[in-house]
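Here are my notes for you, written as a colleague would jot them down. Have the chain open while you read, and look up each residue as it comes along.

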Amino acid sequence: MRRPRSLNRLKRRAVYGVRRTLDRGFVPALNGAVFLLEGRSRPAMGSTPKVTVMQDDKLRLQRVRPMHSGPKPAKASPPVILIPPLMVRPYVYDLRPEHSMVRTLRDAGVDTFVVDFGVPDKTDEHIRLDDYVLNYVPRCVDAALEASGADQVYLLGYCMGGLFAVLHVATHRDDRIAGLITIGAPIDFDEMGILSVAGRLGVVILDQLMDQLGNVPGELSSLGFKLMGGHRSVTKYVDLLLNLYDESYVRGFGSVNTWVNDLIPYPKEAFKQMVRDFVSGNKLASGELQFDGHSSDLHAVRCPLLAFAGESDNIATPRSTKRIIDLVGSADRSFHSVPGGHIGVIAGGRSPDTVWKPIVAWLEARGAAQGV
């Protein structure tokens, strides 16, 4: 005996109602529990397989293992060195397996190296920006070239990591650098908005304050990031509640939240130099910057350049970031303003399409991606 159609419709509606209740109730609760239990852990962050090719005290250079081992090409393609900012751990480029710039580059056949400056402690209070520009980055370039067998290398950096990449070429005039890629890297600090004002006001008491404080604690830097985020520091939790049913969103929120709350100390002398020479003095844009007597001239940068800025970045503002196009001597240079703030430009949900993949395409056009 056949059931009435109305009964079948009622049954389907009941099943749909149960599923909807589970999707909107149980699943969000489960994802919320996962975030609370795992959100501050980082077992998957920086998990792409790597091998250490150079280490000296805290400085370390790691090479990302390729997906497939095969015959080596007759001539090695230029590898890419990823340089992290100060305060930030290098896993910023490798947040989780399904959302990783490192894996995006590796999967495209790019020979990828990652710099790790280590976690500064009290013994590192004396470290200056000179040490990074004149010692640490050059040593990583030497090690990557030796390990890869290539003649040139690309430098890629986010925020201060991008500055280190630019400063390497501007200071050393190193023709072994095939090209530069910067992401959210400020150049003209007069265009940094409230940070410019704070730097000029704070420089008066800078030495006294920093000699009392020592290294800038990571917790203080994390607080600064949150304050600069404005209302987003609060509304992001509302967005999380509204998206608890979306496991990918929850895990993405957890990894970024962990990163922002896991910033590391900023060496005292390097911070003083940053405020005095870059933020207050704006010596990079004006051409007055020097490191131990070596001038750092942006006009000396002649290699290809690819620069990105977050449209809503209120730390490395688009106006500050875009100035690099006006100041370098490169004939091959391009600038892209993309959706996102200072964090979203490198780690947001749209960054794979707006930043990572365009970087791969740019490298492929220049022979740095071998394919897989």
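1. Which residues form a nonpolar patch on the surface? They are Val204, Ile205 and Leu209, and together they have about 310 Å² of accessible area. Keep in mind that you are looking at a predicted model. To find the patch, start from Val204, in the loop between α5 (194–202) and α6 (206–213). Val204 counts as exposed because its relative accessibility is 69%, and the cut-off for that word is over 50%.

2. Now step back for the overall picture. The protein chain has 14 helices and ten strands. Of its 372 residues, 50% count as buried. The chain exposes about 18000 Å², and carbon and sulfur atoms supply 54% of that. As for contacts between residues at least 6 apart in sequence, 81% join residues at least 24 apart.

3. Next, the charged pairs. How many salt bridges does the structure hold? The count is 26. One of them joins Asp124 to Lys58, with the closest N and O atoms 3.1 Å apart. This pair links distant parts of the chain, since the two residues are 66 residues apart. Asp124 sits in the loop between β4 (112–116) and α3 (129–148), while Lys58 sits in the loop between β1 (50–56) and β2 (59–64). Is Asp124 buried or exposed? Its relative accessibility is 7%, so Asp124 counts as buried. Lys58, with a relative accessible area of 24%, is partly exposed.

4. Another pair worth finding is Asp211 and Lys268, a salt bridge whose closest N and O atoms are 3.5 Å apart. Here too distant parts of the chain are linked: Asp211 belongs to helix α6 and Lys268 to helix α10 (residues 268–280), 57 residues apart. Asp211 is partly exposed at 47% relative accessible area, whereas Lys268 counts as buried at 12%. Both residues also belong to a network of salt bridges, along with Lys122, Glu125, Asp207, Glu269, Lys272 and Arg276.

5. Helix α14 deserves a slow look. It has 14 residues and reaches 18 Å from its first C-alpha to its last, close to the 20 Å expected at 1.5 Å a residue. Where does α14 bend? The bend is at Lys357, by about 25°, and a proline, Pro358, follows within four residues. The side chain of Lys357 also meets that of Asp353 in a salt bridge, at 3.0 Å from N to O. The two are four residues apart in α14 (residues 351–364), so about one helical turn separates them. In general, an α-helix has 3.6 residues a turn, so residues three or four places apart point the same way. Lys357 counts as partly exposed at 48% relative accessibility, and Asp353 as exposed at 52%. The buried residues of α14 include Val355, Trp356, Ile359, Val360, Trp362 and Leu363.

6. Then compare with α3. This helix has 20 residues and spans 27 Å from first C-alpha to last, close to the 28 Å expected at 1.5 Å a residue. It has a kink of about 25° at Tyr136, shortly before the proline Pro138. Just after α3 you'll meet Gly149, which takes a positive phi of about 80°.

7. Speaking of phi, check two residues that aren't glycine. Asn282 has a positive phi of about 50° and lies in the loop between α10 and α11 (283–286). Asp292 also has a positive phi, near 50°, and is found in the loop between β7 (290–291) and β8 (294–295). Which one is buried and which exposed? Asn282 is buried, with a relative accessible area of 7%, while Asp292 is exposed, at 63%.

8. Last stop: Ser330, in the loop between α12 (318–327) and β10 (333–338). Being in a loop doesn't leave Ser330 exposed here: Ser330 is buried, with a relative accessible area of 0%. What is Ser330 in contact with, leaving aside its neighbours within four places in sequence? The partners are Val301, Arg302, Cys303 and Leu305.

How values were computed:
Residues are numbered from 1 along each chain as its sequence is written. This is a predicted model: local features need pLDDT of at least 70, side-chain atom pairs count only at pLDDT 80 or more; totals for chains, interfaces and linings use all residues. Side-chain values use heavy atoms; hydrogens and water are left out. Patches are made of residues with over 30% relative accessible area and no salt bridge: like charges are joined within 9 Å, nonpolar side chains (Val, Leu, Ile, Met, Phe, Trp, Tyr) within 5 Å. Accessible areas come from the Shrake-Rupley method with a 1.4 Å probe; for residues, only the protein chains shown count as cover. A salt bridge is a side-chain nitrogen of Lys or Arg within 4 Å of a carboxyl oxygen of Asp or Glu. Buried means under 20% relative accessible area, exposed over 50%, partly exposed in between (1.4 Å probe, protein chains only). Contact means heavy atoms within 4.5 Å. The expected span of a helix is 1.5 Å times one less than its number of residues. The bend at a residue is the angle between axes fitted to the seven residues ending there and the seven starting there.
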